[in-house]
Amino acid sequence: MPKDRKIFPALFITAAFLFVLLLVSIQLAAQKPTAVISGKLLDEKELPLAKVSIVILGRETGIISSDSGTFRLRVPADKAIALVFSYTGYKTVQRNFLLNDKEEEQVLIRMEKSDRVLPGVIVNDERDRKEAGLIRINPKDAVNIPSPGGSIENLIKVFVGSTNELTSQYSVRGGNYDENLIYVNDFEIFRPYLVSNAQQEGLSFINPDMTRNVSFYNGGFQAKYGDKISSVLDIQYKKPKKFGGSAYAGLLEQGLELEGASGNNRFSYLIGMRNRSYKNLLSAQETKGNYAPSSADIQGLFTYQLNSRNSLELFTVYSQTAFNLIPQSAQLTTAVFSPYFSSNLALDVFFNGQERDLYQTGILGLTWNKQVNRELKLKWMVSLFNDHEREAYDITGDYLFGERDFDKTSADFGTIVNPLGAGVYQNYARNLLNITVLDLSHKGYLNRGNHYIQWGLSAKQETVHDRVLQWQYQDSAGYSLPNQPGSLVLFSSQNGQSDLQIGRLTGFIQDNISFPGQRAYTLQAGARINYNTLNQELLVSPRLGFSWKPKKSNRDVVYRGAVGIYDQPPFYREFRKPDGTINKELKAQKSWQVTGGADFNFHAKDKPFRLSVEAYYKSLWDVNPYNVNNVHIQYFGTNNARAYAMGIEGRLFGNLVKDAESWVSIGLMRTREKIDGAQYYDYTLDSLNRPIDSNLVKQGWIRRPTDRLLTLGMFIQDYLSTNKNFKVYLNLLYGSNLPFSIPESVKYRNALVIDPYIRADIGFSALLLDNDKANRRSHSPFRNLENIWATLEIFNLIDRENTISYLLIKDFSNTTYAMPQRLTPRLINFKLITRF
């Protein structure tokens, strides 16, 4: 066992200590001055109103008026507060107060009857407490979270600590971007594969305005979900009952969502359209030039009820992203501190050429649902996915490398005054990719008392046509690298063409069992099978989950856990080696995983909170190692490594103010890998840097590219104490350092370090038009709108220059320097949102 696995108890103790501090801070509160508000409530006929709810705005609990309509409530003094008076069938009344210490004020409140229909009561189950790894997310928060993406994936990043604001991809518990499953209405979703830089990405696939339910599993997921080894994102779109919709327009993105149903509710439709341009965001980056990114999509879900037992669903998606760039120049700077010298090293690059990328994705899915009886439901699904990608660039960069003058009084301010190197590099690519996936599936659901049995079968035909032609040429001080006298050698190159036909057969069966009684137990037991025709590998993956809720306990606590085998058969990107060739003999990456934890509900200062803690361990074999540069993943294309990941995560959910849930997520994690046969020579050099001796070093367990020890995510919602219509949203992310590799180097694999990621985004929202239509004029253009919100967002509030990767540059003495490539700076965004 690797030595650093011994740190797991220390990680557990550290995490427990952090959460104890957090809980103690909630409990501690200084004695504050108070005042008293008393009064009487009357109806339109001047009769007293009994049992009227009286709550301080933002609080979960309050008091009710007496049978004579009177009340008396102690409130905080020396601060602005608001009392909210509500009663079924009457309009809600709000009164603002600012009282001194020990002051008492009497009020008389008259309430008017309302014609508005109260919304139905929503009953929440406890799946997110009883299923290991499950996090239920409110899709409405995706509209509120201040972030450039404004997507459901941005909410997930707060939980898992993934740190790159330009991409909708995320890393979970030491896994990479390719290890996450995504389903929309039970159809598996695929992402573009040729994207190498997050700025090339377009819209997130998931449209938050169309979303009804979001279930995210960061591990321990059940057998009904597919064959990946990190996470599952299960999305269910809405099924409308009446006409409605929403629209928004901002500096970065615009969108429209329409929904409705026929008079007899047999037919319903849900349509979403979005458009995004990151031009303003990308133009503020270090590389200056003419950016022309654009991304648009249209999605539709159409349902038709054939009769009381049969229904059809048609799901359609078309998405297109174009990224065009004519770069002009870039100025990179980094501080270097060493035993020999300290300086501000800089790189000035002047470009010639352009990049033109295109990514097109389409999905067509049809579902037939049959409710055989109250206990049995059957589903048949057919879907066609097509992905067409084109990546083309030919960019030459002339660069000067050295020490930059930062003395503002100097005539050379901002220029390189002490050159260390100069050269030229050229990046060239003409890559094409076309993927088609035809999927025929069947699923069944049988509810028999304490048993809920589910099963499924799927047959897929995957067709891949691709052509990879890309190379990089480097010239430093007049010499091509690597330098071979008499010949011209490219620094790196890939050249390959492949046509793959892969058939996949998958199936699962599972039983969710509940054991009612004095102690509430649940058990989820199942297994998956997977077979593909390319390498003829058969995989069997048993999985088991459980939960236990002691009923006699004074505390509201649920204990849960899961254990199982999780395999990941290779897809297009995993097959391809660094030289562009395809390894058709590549096997699936395999793992066994165990996770366990507890979920606590409690109250602090009359506010409800929920604390969820989970520890996990993953052991992996037949691992396909990889390097990560920005969002590009380059696999070795071989099963020649072992790996493990272990950690502990904790999340605290709570309403700091009523109807505005906030949460904090903390994670400690360690992941390591050991590559078979990885070794290198350490050389002893003389005074002229000539080798005189060598020592063979066998590489042991090293950090994986996703190894991040500490992550912290926080999403806070709040509003004014006297006005719920002015809201603030704060999104905080921290991730400790990540390793970075020097390509094709065993000794320096994951030897460089990317500095910690720190980011804060803040948003302010104001209600411009409320949903009270009684006061609107008949000819008002806004008479049919439910509400209008205006939002101002400040991205990267602290203007931190977070690093995403490194550009490697050599000086005149052939010494390599790593120049950091940064993510986005501070930016202001404004948008309007309306619902109707």
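**Strand β9, its sheet, and a salt-bridge network**

Biologist: Which residue is the bridge partner of Y183 in β10?

Modeller: The model is predicted, and the pairing is read from it. Strands β9 and β10 run antiparallel and are joined by two bridges. V184 stands opposite F187 in one place. For Y183, the bridge partner in β10 is E188.

Biologist: Which residue takes a positive phi in the hairpin of β9 and β10?

Modeller: β10 covers residues 187–188, and the hairpin has two residues between its strands. One residue of this hairpin has a positive phi, near 50 degrees. That residue is N185.

Biologist: Which residue in β12 stands opposite Y183?

Modeller: β9 also pairs with strand β12, residues 231–237. Five bridges join β9 to β12, and these two strands run parallel. Opposite Y183 in β12 stands D234.

Biologist: What are the edge strands of the open sheet that holds β9?

Modeller: The open sheet has five strands, with mixed pairing. Their order is β8-β11-β12-β9-β10. An edge strand here pairs on one side only. The edge strands are β8 (134–137) and β10.

Biologist: How many of the five residues of β9 are buried?

Modeller: Buried means under 20% relative accessible area. N180, I182 and V184 point one way from β9, L181 and Y183 point the other way, and all are buried. β9 is therefore largely enclosed by the rest of the structure, and the count of buried residues is five of the five.

Biologist: With which residue does D599 form a salt bridge?

Modeller: The structure holds 40 salt bridges. In the one formed by D599, the closest N and O atoms are 2.7 Å apart, and both residues of the pair are buried. The partner of D599 is R129.

Biologist: How many residues apart in sequence are the parts that D599 and R129 tie together?

Modeller: D599 lies in strand β27, residues 589–604. R129 lies in helix α2, residues 127–130. Because the two residues sit in these elements, the pair ties together parts whose separation in sequence is 470 residues.

Biologist: Where does R173, the salt-bridge partner of E614, lie?

Modeller: The side chains of E614 and R173 meet in a salt bridge at 2.9 Å, N to O, and both residues are buried. E614 is in strand β28 (residues 607–623), so the pair ties together parts that are 441 residues apart in sequence. R173 lies in the loop between α4 (152–160) and β9 (180–184).

Biologist: Which residues do salt bridges that share partners join into one network?

Modeller: E649 and R651 form another salt bridge, with the closest N and O atoms 2.8 Å apart. Both E649 and R651 are buried. Through shared partners, salt bridges make one network of R129, R173, K549, D556, R560, D599, R610, E614, E649 and R651.

Biologist: Which element gives the largest share of the nonpolar patch?

Modeller: The surface patch is formed by L251, F764, L768, L792, I828, F830 and L832, with about 650 Å² of accessible area together. The elements that give two or more residues to it are β40 (757–769) and β44 (827–835). The largest share, three residues, comes from β44.

Biologist: Is F764 buried, partly exposed or exposed?

Modeller: F764 lies in strand β40. Its relative accessible area is 38%. Buried requires under 20% and exposed over 50%, with the remaining class in between. F764 is therefore partly exposed.

Definitions and conventions
Residues numbered from 1 in each chain as written. Predicted model: local features only at pLDDT ≥ 70, side-chain atom pairs only at ≥ 80, totals over all residues. Heavy atoms only, no water. Salt bridge = Lys/Arg side-chain N within 4 Å of Asp/Glu carboxyl O. Helix = DSSP H or I, 4+ residues; strand = E, 2+ residues; numbered from the N terminus. Buried < 20%, exposed > 50% of the residue type's maximum accessible area, 1.4 Å probe, protein only. Pairing = 2+ DSSP bridges. Patch = residues over 30% accessible without salt bridge, like charges linked within 9 Å, V, L, I, M, F, W, Y side chains within 5 Å. Areas by Shrake-Rupley, 256 points an atom, 1.4 Å probe, with all protein chains shown as cover.
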